[in-house]
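Visitor: Please give me a close look at one part of this model, the largest pocket: how much space lies in it, and which elements give residues to its lining?

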Amino acid sequence: MKKNPWKTSLTAIVLGTMLVQGGMTAWAADTSTPVNAAPTVNYGLTADIRAAIKNVSVTPTATGSQLAVTVRLYNGGATQNRVPEHELRVQTTSGVSYTLKSSASNKESLQPKEIGELVYLSAIDSKEIGQLAQLSFVNVDVYSYPKVETTLLTMPTNSVWYGGTGSAALLNLGSLTWGQTFTLPGVNSGLTYTPVEASMQNTATGRVAVVTVLASNPGAGRETIPAFRVDAQSEQKNYEGKRAEAESISLEAGEKKYIHYAIPVENGVTLSNLLVLSTDAFVPKGGGQAAEIATGKLAITWPKAEQVNAGTVPYTIGQPISFDNLTNVVDKKTEVSLVELHLHENPGEGYQTAVAKFKLTNTSSTPTAMPTFQSDLVSSQGVTYQGARQANVTPMLNPGLSYVVSYSYIVPQSEKGTSFTLKLLDAAAAAPYTTTIAALQTDVQKEGTESTISMYPFDLVFNDVSVSTQTTAQITYTYLFKLDLGITQKENVVVDNNFSKLRFEIVDNAGRVVGSKDATFTGVNKLISGKQILDASNITSDQFSYPFTVNVYETIETQNGTAKRLVKVIKG
């Protein structure tokens with residue numbers, strides 16, 4: 001039978017020229033060198049139906065080998081055409097032939113201009129399959145004696161994945177560096193993909209590598225992202241990934257979206273590559289659960305540290321933050337800026353506390369939802385400290401106004417660095433994992449003068465502070481804080497009862513906290529400019545000693561409890 005390639009517009013040619021990704025996130029790698037794949041060749045199965053190989057794999061199993069083939073058919077005729085009765089056979093270079101089982105979901109006929117995929121699978125109790133050379137559609141007439149076999153079509157298997165681990169899994173796969181744009185070889189799709197972020201995250205069930213891929217549609221029509229997955233590989237082992245998005249994802253012409261893959265790995269493992277695998281479903285005839293068939297297509301080098309951090313940008317406190325253009329976490333009309341970042345040791349606590357404050361401004365003319373991003377603080381050595389968001393936050397932002405949201409980070413006393421990367425994270429797109437929407441390189445702020453405290457949007461000037469005691473008839477003590485404060489507030493910044501407080505803690509000469517008093521910036525008894533008196537009552541006589549120290553803290557109620565930032569020390 002004549003087996004000349006079908007040279008028409010149907011031939012699934014993988015794009016030879018990829019679009020450079022415009023408007024991508026700052027941390028996305030260079031995509032200026034796309035991967036070019038060879039065209040997929042189509043052959044005539046019948047007068048109207050054309051066939052092309054999508055996937056061929058020979059993968060090791062516990063008892064032998066698994067052979068899998070996926071063939072794409074196209075009905076180029078004007079009427080419905082039946083797929084001819086056939087067996088699917090693969091032949092090795094040594095002449096051995098294997099007959100594969102057909103999936104119960106395979107189409108028996110195709111409508112005009114319809115594309116269908118036929119999936120075949122067989123488990124062979126042998127690890128000596130060898131190299132595959134070709135596959136054939138063979139019609140078997142079992143009603144003739146002896147039976148008559150007619151070869152309908154033979155196609156060379158030029159691209160076969162032989163599975164395995166380590167370097168064996170990479171044989172016959174295209175090799176990409178991190179950040180290169182690619183298409184899926186053999187898959188009937190013009191969508192392009194770019195790996196843009198990889199991170200290792202710890203969960204309650206173990207360690208997970210989370211990979212973000214930017215999918216782009218450079219074509220003129222709507223396309224659905226085909227089934228494929230991303231696995232991770234060390235030198236000794238492969239780790240299977242799973243896409244975080246359960247629903248199918250479609251892209252309009254020119255549209256871009258992120259897809260995310262979660263890959264559980266072992267603690268301490270060092271990853272070397274990512275494997276991109278096309279996936280198909282095989283449904284056994286006679287009932288049974290569908291099995292996923294994965295065929296390796298490409299290998300991507302696991303990013304180095306400098307590639308992972310390539311998107312981190314120098315940041316000046318107070319400037320608007322540039323977010324990933326595709327994020328849905330922060331509305332385009334909401335301006336976010338970091339207004340404070342302090343790191344302080346907490347006396348008696350055994351750790352330091354970092355506090356970051358963000359100002360969020362609604363620049364639109366209508367109320368908008370408060371963004372709910374998460375935050376991590378990363379040291380110059382790559383140590384990550386998870387942020388705790390303040391517990392209560394207003395749900396909506398009113399037009400023309402700014403709101404302050406605080407995050408706290410528990411940092412060990414051994415951390416001596418002053419330069420950090422502040423990562424803002426999307427906790428919804430790949431839930432329960434996070435992805436980066438902004439990464440800022442900045443230094444912690446130095447405190448002001450001895451008498452001035454910055455608690456955005458307030459500046460506090462301690463003109464005078466004195467502490468005295470009073471004794472009651474019940475032999476208890478009351479500490480009186482006499483404050484002369486100067487308080488100034490930035491305009492158009494909303495402060496409500498969720499805002500942080502000042503806490504005055506009384507510490508005796510043995511280092512014990514014997515009393516405290518919280519002061520707020522809102523409400524009836526709020527702090528004001530000028531002279532005022534605060535009292536801390538119910539200090540029993542066996543707790544009293546002199547001299548004493550008053551530690552003044554900024555306190556923030558977070559999801560993990562009360563976070564404290566030491567802002568002033570007053571000696572009694």
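Guide: What follows begins with the pocket, moves to the strands around it, and ends with some other sites in the chain.

This is a predicted model, in which local features need pLDDT of at least 70 and side-chain atom pairs count only at pLDDT 80 or more, while totals for chains, interfaces and linings use all residues. Residues are numbered from 1 along each chain as its sequence is written, and side-chain values use heavy atoms, with hydrogens and water left out.

The largest pocket holds about 1100 Å³ of space. A pocket here is an open set of points on a 1 Å grid over the protein atoms alone, with protein on both sides within 12 Å along at least five of seven lines, whereas a cavity is a set of points where a 1.4 Å probe fits but cannot get out; lining residues have an atom within 4 Å of a point. Grid points are joined across faces, edges and corners, and a volume is the space filled by probe spheres set on the points.

The lining of this pocket comprises 41 residues, and those nearest its centre are S199, M200, V378, T384 and K423. Two or more lining residues come from each of β12 (192-203), α1 (305-308), β26 (374-379), β27 (384-389), β30 (419-430) and β31 (433-443), where helices (H or I, at least four residues) and strands (E, at least two) are DSSP runs numbered from the N terminus. Of these, β12 gives the largest share, eight residues. By class, the lining divides into 16 nonpolar, 20 polar and five charged residues, counting Ala, Val, Leu, Ile, Met, Phe, Trp, Tyr, Cys and Pro as nonpolar, Asp, Glu, Lys and Arg as charged, and the others, Gly among them, as polar.

Among the contributors, β26 repays a closer look: five of its six residues are buried, so β26 is largely enclosed by the rest of the structure. Buried means under 20% relative accessible area, exposed over 50%, and partly exposed in between (1.4 Å probe, protein chains only). Strand β26 pairs with β30 in the antiparallel sense over six bridges, and S375 has L424 of β30 as its bridge partner. Two strands count as paired if DSSP finds at least two bridges between them. Three bridges also join β26 to β27, again in an antiparallel arrangement, with D376 opposite Q386 in β27. Four residues lie between the strands of this β26 and β27 hairpin, where G382 takes a positive phi near 90°.

Strand β30 leads on to another local feature, a cis peptide bond between A431 and P432 with omega of about 10°; P432 sits in the loop between β30 and β31, and both of those strands give residues to the pocket lining. Most residues other than glycine have a negative phi, and most peptide bonds are trans.

Strand β12 belongs to an open sheet of four strands, ordered β12-β13-β19-β17 with antiparallel pairing. The edge strands of this sheet are β12 and β17 (242-243), each pairing on one side only. At the other end from β12 in that order, two bridges join β17 to the antiparallel strand β19 (residues 256-265), and K242 stands opposite A262 in β19.

The enclosed spaces make a separate list, since a cavity is by definition a set of points from which the probe cannot get out. A search of the whole structure finds four cavities of 30 Å³ or more, and about 90 Å³ of space lies in the largest of them. Its lining has 13 residues, with Q390, Y403, V404, D496 and N498 nearest the centre; strand β29 (residues 402-412) gives the largest share, three residues. Eight of the lining residues are nonpolar, four polar and one charged.

Further sites deserve a check of the backbone. A second cis peptide bond joins Y145 and P146, with omega about -5°, and P146 is in the loop between β9 (132-141) and β10 (148-156). K113 has a positive phi near 65° although it is a residue other than glycine; K113 lies in the loop between β7 (109-110) and β8 (115-124) and counts as exposed at 51% relative accessibility. N492, also a residue other than glycine, has a positive phi near 60°, and is placed in the loop between β34 (476-489) and β35 (493-494).
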